[in-house]
Amino acid sequence: MATISLFQPNAILDAGHQVRAPGGYEWWYFDAEDRASDTQIVAIYLHGFVFHPRYLREYFAYLRRPTRTRPPVPDDFACAYFCVYRAGRILHQFMAQYPAEQFAARMDRPEVKIGPNRMESRSTAIDLTLSGTPWKLTGMGPKLLKGQTLSAELAFAPRLTLEPSERRFFSKELAGADHHWVVANPLCEVRGSIALTGQNPIRFEGRGYHDHNYGTGPIGPGLKHWFWGRALLDDAAITFHLARARDARLPDEVHLIEANASGVTDRSAVGAQVDWSGHSKLWLRYPLRANFGEVLRLCNPRLIDSSPFYLRLIYDAEFCGKKTTAFTEVAYPHRLRWPVLGRMIEMSIQSAG
C-alpha cells in the first residue's frame, strides 16, 4: 500500500522540510536583545501555526471523524509573527495569516516567504523582512490597528562557525508525534531597524538567537507546560527545554544544549531543579528560579509578556560561571482549546493576502 510522506527529510537542516502531516508544522524562530535600549524582539515564520486555535479545532475534529472531515494541513495556516518589547512591556506586535499560495520555503537553502515577510540566507547573515498590521488589547479584546503597519529589516550574522545540528525535543510518548529541533545559529550579531506608521524608526543593535522546529502533529495535547529559553555570552550560547507531561506517570523531559567555537554539546544529563512558585495575574505558574546543574542558573525573573496561555520572562543568568541574562518562555498549550480563549486569540490575527 502506498503511503504519503509526512515531511521531506533534508540534509540542509535549516531549509524547508515540506511538512504535509495533518496538524503538523514547521517554524523558523529568531529573537534578539539590544541591551543598551532594553529592547527585545521575537520574529517567527510559521508553516502551520501550531498554536492557532482554529487549526487545533479542525485537527481534533478530523481525528474524531477522519472519513468525513478534511484534514487541516500546514499550508492552511501559514503565518508571520513579530513582537517588540521595550523596558519590560510590549511595544508593538503583529500576527498575520496568509493563504497557502503566499507561502514558499526552499529546500536547497534557508529561504522562506510568507506574504511580504521574508527570511533569506546569504553568505554573511540571514536577512529578515517583516510587515503586518499591529494589534492592541482593549476592554473588548484584541483590536487590529487598521491603517497602521509594523515593519522591520534585520540582519542576523552568526558569530559561531557551526553547521546546524538536529535532535528530537519531545518524545513521542509525551507529545504523540515526531518533533524535530534544528539548532541553526544560536549566537548572532543583530542589526537593523523597526518602524511603525507615523513614528520614527527604532535602530536595533545587539545579540540574537535562531533555531528551527518541525513536527508531524500538535505539541500541546500531552503537555502540562513547556519552559524553554536561551542565554548568550560573547562567545557561547546555551538553550534549554523542559517539558512536563499532563500524565503524571511520565517524567519531565529536559534538553540542555551548549554551543561554542568547539561545536554543539548536549548537557542534558545535568538535570534540572525548578521552583514553580511564581504566577501571573492569570495564574499561569512560572519558575522563580531554575538550576541546570552547575551549567546554567536562573533567578530574578522579569515578566515582559503575560497572555492567557504563555509568558515571556527575562532572568538573571549564570552560564558556566559568567553573568548574563536569559530570554525565556513558558507555555500552557492545552489552554488553546478553551473556546472563549481561542476565539479571543483569533481576533488578534490579521487575515492577509
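**Close-up 1. D178 and K172 form a salt bridge in this predicted model.** The closest N and O atoms of D178 and K172 are 4.0 Å apart. Is D178 buried or exposed? D178 counts as buried, because its relative accessibility is 17% and the cut-off for buried is under 20%. The pair belongs to a wider set, as a search of the whole structure finds 22 salt bridges.

**Close-up 2. R191 and E205 connect two strands through their side chains.** Here the salt bridge spans 3.4 Å from N to O. R191 sits in strand 13 (residues 179-196) and E205 in strand 14 (residues 202-215), so the contact ties together parts that are 14 residues apart in sequence. R191 is partly exposed at 45% relative accessibility, and E205 is also partly exposed, with a relative accessible area of 48%.

**Close-up 3. E294 and R297 meet in a salt bridge, and three other residues make a network.** For E294 and R297, the N to O distance is 2.7 Å. E294 is exposed, with a relative accessible area of 62%, whereas R297 is partly exposed at 27%. Which residues are linked in a network of salt bridges? They are D31, E33 and R230.

**Close-up 4. Y25 and W27 make a stacked aromatic pair.** The structure holds 19 aromatic pairs. In the one formed by Y25 and W27, the rings lie 5.0 Å apart, centre to centre, with 25° between the planes. That pair counts as stacked because planes under 30 degrees apart are classed that way. Both Y25 and W27 are buried.

**Close-up 5. F170 and W226 meet edge-to-face.** Their ring centres are 5.3 Å apart, and the angle between the planes is 70°. Where in the chain do F170 and W226 lie? F170 is in strand 12 (residues 165-170) and W226 is in strand 15 (residues 223-232), so the pair links distant parts of the chain, 56 residues apart. F170 is buried at 3% relative accessibility, and W226 is buried too, with a relative accessible area of 4%.

**Close-up 6. Five aromatic residues gather in one cluster.** To find this group, look for F227, F240, W276, F292 and Y315. Together they form one aromatic cluster.

**Close-up 7. Nine strands build an open sheet.** Follow the strands in the order 18-17-16-15-25-24-23-22-19, with antiparallel pairing. Strand 18 (263-266) and strand 19 (273-275) are the edges, each pairing on one side only. On average, neighbouring strands of this sheet are turned by 20° against each other, direction ignored. How many bridges join strand 17 to strand 18? There are four, and strand 17 (residues 253-260) runs antiparallel to strand 18. If you would like a landmark here, N260 stands opposite G263 in strand 18.

**Close-up 8. Helix 1 packs its buried residues against helix 3.** Helix 1 (residues 53-64) has twelve residues. From its first C-alpha to its last, helix 1 reaches 17 Å, close to the 16 Å expected at 1.5 Å a residue. Which residues of helix 1 are buried? They are P53, Y55, L56, Y59, F60 and Y62. These buried residues of helix 1 pack against helix 3 (339-347).

Terms used
Residues are numbered from 1 along each chain as its sequence is written. This is a predicted model: local features need pLDDT of at least 70, side-chain atom pairs count only at pLDDT 80 or more; totals for chains, interfaces and linings use all residues. Side-chain values use heavy atoms; hydrogens and water are left out. Two strands pair if DSSP finds at least two bridges between them. Axes are lines fitted to C-alpha atoms, for helices over the stretch in contact, and angles run from 0 to 180 degrees between N-to-C directions. The expected span of a helix is 1.5 Å times one less than its number of residues. Buried means under 20% relative accessible area, exposed over 50%, partly exposed in between (1.4 Å probe, protein chains only). Contact means heavy atoms within 4.5 Å. Rings of Phe, Tyr and Trp (its six-membered ring) pair if their centres lie within 6.5 Å; planes under 30 degrees apart count as stacked, over 60 as edge-to-face and the rest as tilted.
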